[in-house]
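Here's a walk through one protein model, written for someone who would rather look at contacts than read a parts list. Keep the viewer open as you go.

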Amino acid sequence: MDVTEVLLPGVGLRYEFTNHQGDRIGVVARRTGDFELVVYKAEDPDAAHTVLQLNTEEADTVAEILGAPRIAERFADLTKEVPGLQSGQVEVRASSPYDGQPLGSTRARTRTGASIVAIVRGNDVIASPTPQEALQRGDILVVIGTHEGIAGVEQIIQG
(Lines give C-alpha, C1' and ligand atoms only; values in the text may rest on other atoms or scores of the structure.)
Protein backbone atom coordinates (compact mmCIF):
# COMPACT_ATOMS: atom_id res chain seq x y z
CA MET A 1 0.00 0.00 0.00
CA ASP A 2 1.31 3.44 -0.90
CA VAL A 3 1.51 5.88 2.01
CA THR A 4 2.29 9.51 1.34
CA GLU A 5 4.06 11.52 4.03
CA VAL A 6 3.41 15.27 4.09
CA LEU A 7 5.27 17.72 6.33
CA LEU A 8 2.93 20.15 8.06
CA PRO A 9 5.19 23.02 9.19
CA GLY A 10 4.59 23.88 12.82
CA VAL A 11 2.06 21.04 13.17
CA GLY A 12 3.78 17.71 12.48
CA LEU A 13 3.34 15.09 9.77
CA ARG A 14 0.36 13.77 7.84
CA TYR A 15 0.32 10.24 6.44
CA GLU A 16 -2.21 9.54 3.71
CA PHE A 17 -3.39 6.45 1.87
CA THR A 18 -6.40 5.30 -0.11
CA ASN A 19 -8.31 2.38 1.36
CA HIS A 20 -9.90 -0.52 -0.53
CA GLN A 21 -13.17 1.43 -0.85
CA GLY A 22 -11.46 4.41 -2.48
CA ASP A 23 -11.63 6.67 0.59
CA ARG A 24 -8.61 8.88 1.25
CA ILE A 25 -7.53 8.38 4.86
CA GLY A 26 -5.10 10.57 6.76
CA VAL A 27 -3.29 10.25 10.07
CA VAL A 28 -1.98 13.54 11.45
CA ALA A 29 0.89 13.07 13.89
CA ARG A 30 1.17 16.32 15.79
CA ARG A 31 4.39 17.62 17.34
CA THR A 32 2.57 17.50 20.69
CA GLY A 33 2.34 13.71 20.44
CA ASP A 34 -1.39 13.72 19.70
CA PHE A 35 -2.89 12.07 16.61
CA GLU A 36 -5.93 12.64 14.43
CA LEU A 37 -7.54 10.16 12.08
CA VAL A 38 -9.19 12.02 9.21
CA VAL A 39 -11.20 11.11 6.11
CA TYR A 40 -11.14 13.41 3.10
CA LYS A 41 -14.41 14.34 1.47
CA ALA A 42 -14.78 12.98 -2.06
CA GLU A 43 -16.28 16.23 -3.34
CA ASP A 44 -13.46 18.35 -1.88
CA PRO A 45 -10.11 16.54 -1.58
CA ASP A 46 -8.69 19.37 0.54
CA ALA A 47 -11.42 19.15 3.18
CA ALA A 48 -11.04 16.53 5.87
CA HIS A 49 -13.45 15.25 8.49
CA THR A 50 -11.82 14.31 11.82
CA VAL A 51 -13.01 10.85 12.79
CA LEU A 52 -10.93 10.34 15.91
CA GLN A 53 -8.50 12.24 18.14
CA LEU A 54 -6.02 10.29 20.26
CA ASN A 55 -3.34 11.21 22.76
CA THR A 56 0.01 9.40 22.65
CA GLU A 57 -1.01 6.62 25.04
CA GLU A 58 -4.28 5.98 23.19
CA ALA A 59 -2.50 5.93 19.81
CA ASP A 60 0.04 3.43 21.19
CA THR A 61 -2.80 1.22 22.42
CA VAL A 62 -4.56 1.29 19.04
CA ALA A 63 -1.27 0.54 17.27
CA GLU A 64 -0.64 -2.44 19.56
CA ILE A 65 -4.14 -3.79 19.00
CA LEU A 66 -3.94 -3.43 15.24
CA GLY A 67 -0.31 -4.52 14.97
CA ALA A 68 -0.23 -7.44 17.40
CA PRO A 69 -1.62 -10.13 15.08
CA ARG A 70 0.76 -9.15 12.28
CA ILE A 71 3.97 -8.52 14.22
CA ALA A 72 5.27 -12.09 14.15
CA GLU A 73 4.35 -12.38 10.46
CA ARG A 74 6.27 -9.22 9.59
CA PHE A 75 9.38 -10.28 11.49
CA ALA A 76 9.29 -13.69 9.84
CA ASP A 77 9.09 -12.00 6.44
CA LEU A 78 11.96 -9.67 7.35
CA THR A 79 14.22 -12.52 8.38
CA LYS A 80 13.59 -14.23 5.05
CA GLU A 81 14.62 -11.10 3.15
CA VAL A 82 17.86 -10.40 5.03
CA PRO A 83 20.52 -13.15 4.97
CA GLY A 84 21.87 -13.93 8.43
CA LEU A 85 18.98 -12.26 10.24
CA GLN A 86 16.84 -14.48 12.42
CA SER A 87 14.05 -14.14 14.94
CA GLY A 88 13.91 -15.95 18.23
CA GLN A 89 12.03 -16.05 21.49
CA VAL A 90 13.49 -15.78 24.97
CA GLU A 91 11.44 -16.42 28.11
CA VAL A 92 11.91 -14.36 31.26
CA ARG A 93 11.95 -17.01 33.97
CA ALA A 94 11.32 -16.43 37.67
CA SER A 95 15.03 -16.96 38.28
CA SER A 96 16.04 -14.21 35.85
CA PRO A 97 17.94 -11.31 37.39
CA TYR A 98 15.84 -9.04 35.14
CA ASP A 99 12.43 -10.14 36.46
CA GLY A 100 10.88 -6.82 37.54
CA GLN A 101 13.69 -4.77 36.00
CA PRO A 102 13.39 -2.34 33.07
CA LEU A 103 14.25 -3.72 29.65
CA GLY A 104 16.95 -1.07 29.21
CA SER A 105 18.88 -2.41 32.19
CA THR A 106 19.71 -5.55 30.18
CA ARG A 107 21.67 -3.48 27.62
CA ALA A 108 20.92 -6.45 25.34
CA ARG A 109 21.27 -4.61 22.02
CA THR A 110 24.53 -2.94 23.05
CA ARG A 111 25.97 -6.21 24.37
CA THR A 112 24.79 -8.56 21.58
CA GLY A 113 23.71 -6.51 18.57
CA ALA A 114 20.30 -8.23 18.71
CA SER A 115 17.11 -6.22 19.27
CA ILE A 116 14.16 -7.04 21.49
CA VAL A 117 11.34 -5.91 19.22
CA ALA A 118 8.31 -7.11 21.18
CA ILE A 119 7.24 -8.58 24.48
CA VAL A 120 4.46 -11.17 24.56
CA ARG A 121 2.80 -11.00 27.97
CA GLY A 122 -0.06 -13.45 28.25
CA ASN A 123 -2.48 -12.53 25.48
CA ASP A 124 -0.99 -9.06 25.02
CA VAL A 125 1.81 -7.95 22.72
CA ILE A 126 3.92 -4.93 23.55
CA ALA A 127 5.34 -3.93 20.19
CA SER A 128 8.53 -1.84 20.19
CA PRO A 129 8.88 -1.83 23.97
CA THR A 130 10.58 1.16 25.53
CA PRO A 131 13.71 0.78 27.70
CA GLN A 132 11.52 1.64 30.71
CA GLU A 133 9.18 -1.35 30.18
CA ALA A 134 9.55 -3.61 33.22
CA LEU A 135 10.13 -7.27 32.38
CA GLN A 136 7.98 -9.83 34.16
CA ARG A 137 8.43 -13.54 34.70
CA GLY A 138 6.61 -15.39 31.95
CA ASP A 139 7.24 -12.67 29.38
CA ILE A 140 8.34 -13.95 25.98
CA LEU A 141 10.81 -11.58 24.33
CA VAL A 142 10.77 -11.51 20.53
CA VAL A 143 14.36 -10.99 19.44
CA ILE A 144 15.75 -10.13 15.98
CA GLY A 145 19.44 -10.61 15.21
CA THR A 146 22.05 -13.16 14.31
CA HIS A 147 21.95 -16.64 15.80
CA GLU A 148 24.78 -15.63 18.14
CA GLY A 149 23.06 -12.39 19.11
CA ILE A 150 19.82 -14.17 20.02
CA ALA A 151 21.78 -16.72 22.07
CA GLY A 152 23.53 -13.81 23.80
CA VAL A 153 20.21 -12.20 24.74
CA GLU A 154 19.08 -15.53 26.19
CA GLN A 155 22.25 -15.76 28.28
CA ILE A 156 21.75 -12.21 29.56
CA ILE A 157 18.09 -12.72 30.46
CA GLN A 158 18.67 -16.10 32.13
CA GLY A 159 21.60 -14.71 34.14
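## Asp 99 and its surroundings

Leaving aside residues up to four places away in sequence, Asp 99 touches Val 92, Arg 93, Ala 94, Leu 135, Gln 136 and Arg 137. Bear in mind that this is a predicted model. Asp 99 itself sits in the loop between strand 6 and helix 2. Is Asp 99 buried or partly exposed? Its relative accessible area is 22%, so it counts as partly exposed, given that buried means under 20%.

One of those contacts involves the backbone: a polar atom of the Asp 99 side chain lies 3.0 Å from the backbone nitrogen of Arg 137. For a sense of how the chain comes back around, look at Asp 99 and Gly 138, which are 39 residues apart in sequence and 9.0 Å apart in space, C-alpha to C-alpha.

## Helix 3 and the core

Leu 135, one of the residues that Asp 99 touches, also turns up among the best-connected members of the largest nonpolar core. That core has 16 residues, and the others with the most contacts inside it are Val 90, Ile 116, Leu 141, Val 143, Val 153 and Ile 157. Strand 7, strand 9 and helix 3 are the elements that give two or more residues to it. Which element gives the most? That's helix 3, with four residues. A second, separate core of five residues includes Val 117, Ala 118, Val 142 and Ile 144. As a general point, nonpolar side chains in soluble globular proteins tend to be buried together.

Back to helix 3, which covers residues 147-158. Its 12 residues should span 16 Å at 1.5 Å a residue, and the end C-alpha atoms are 17 Å apart, so the two agree. The buried residues in helix 3 are Gly 149, Ile 150, Gly 152, Val 153, Ile 156, Ile 157 and Gln 158. What covers them includes strand 6 (86-91), helix 2 (108-112), strand 7 (115-121) and strand 9 (140-145).

Val 153 is a good residue to click on here. Not counting residues up to four places away in sequence, Val 153 touches Val 90, Ala 108, Thr 112, Ala 114, Ile 116 and Val 143. Right after helix 3 comes Gly 159, with a positive phi near 85 degrees.

## The five-stranded sheet

Now for the sheet. It's an open one with five strands in the order 1-2-3-4-5, paired antiparallel. Strand 1 (4-8) and strand 5 (44-54) are at the edges with a single partner strand each, so one side of each has no neighbour in the sheet. From one strand to the next, the twist averages 25 degrees.

Here's how the antiparallel pairs line up, with an example residue pair for each:

| Strand pair | Bridges | Example of residues facing each other |
|---|---|---|
| Strand 1 and strand 2 | Five bridges | Glu 5 and Tyr 15 |
| Strand 2 and strand 3 | Seven bridges | Phe 17 and Ile 25 |
| Strand 3 and strand 4 | Five bridges | Val 27 and Leu 37 |
| Strand 4 and strand 5 | Seven bridges | Glu 36 and Gln 53 |

Tyr 15 also has a bridge partner in strand 3, namely Val 27.

Next, the turns. The hairpin of strand 1 and strand 2 has three residues between the strands, and Gly 10 there takes a positive phi near 80 degrees. Between strand 2 and strand 3 there are five residues, with Gly 22 in the turn at a positive phi of about 90 degrees. The hairpin of strand 3 and strand 4 has four residues between the strands, and its Gly 33 has a positive phi near 100 degrees.

## Tyr 40, a polar meeting point

Finally, find Tyr 40 in strand 4 (residues 35-41). Its relative accessibility is 10%, so Tyr 40 counts as buried. Which side chains make polar contacts with Tyr 40? The side chain of Arg 14 does so at 3.0 Å, and the side chain of Glu 16 does too, at 3.0 Å.

Beyond residues up to four places away in sequence, Tyr 40 touches Arg 14, Glu 16, Arg 24, Ile 25, Gly 26, Pro 45, Ala 47 and Ala 48. Ile 25 is 15 residues from Tyr 40 along the chain, and their C-alpha atoms are separated by 6.4 Å.

Terms used:
Residues are numbered from 1 along each chain as its sequence is written. This is a predicted model: local features need pLDDT of at least 70, side-chain atom pairs count only at pLDDT 80 or more; totals for chains, interfaces and linings use all residues. Side-chain values use heavy atoms; hydrogens and water are left out. The expected span of a helix is 1.5 Å times one less than its number of residues. Buried means under 20% relative accessible area, exposed over 50%, partly exposed in between (1.4 Å probe, protein chains only). Contact means heavy atoms within 4.5 Å. A polar contact is a pair of N or O atoms within 3.5 Å; within protein, one must be able to donate a hydrogen and the other to accept it, and residues adjacent in sequence count only if both atoms are side-chain atoms. A nonpolar core is a set of buried Ala, Val, Leu, Ile, Met, Phe, Trp, Tyr and Cys residues joined through side-chain atoms within 4.5 Å. Two strands pair if DSSP finds at least two bridges between them. Axes are lines fitted to C-alpha atoms, for helices over the stretch in contact, and angles run from 0 to 180 degrees between N-to-C directions.
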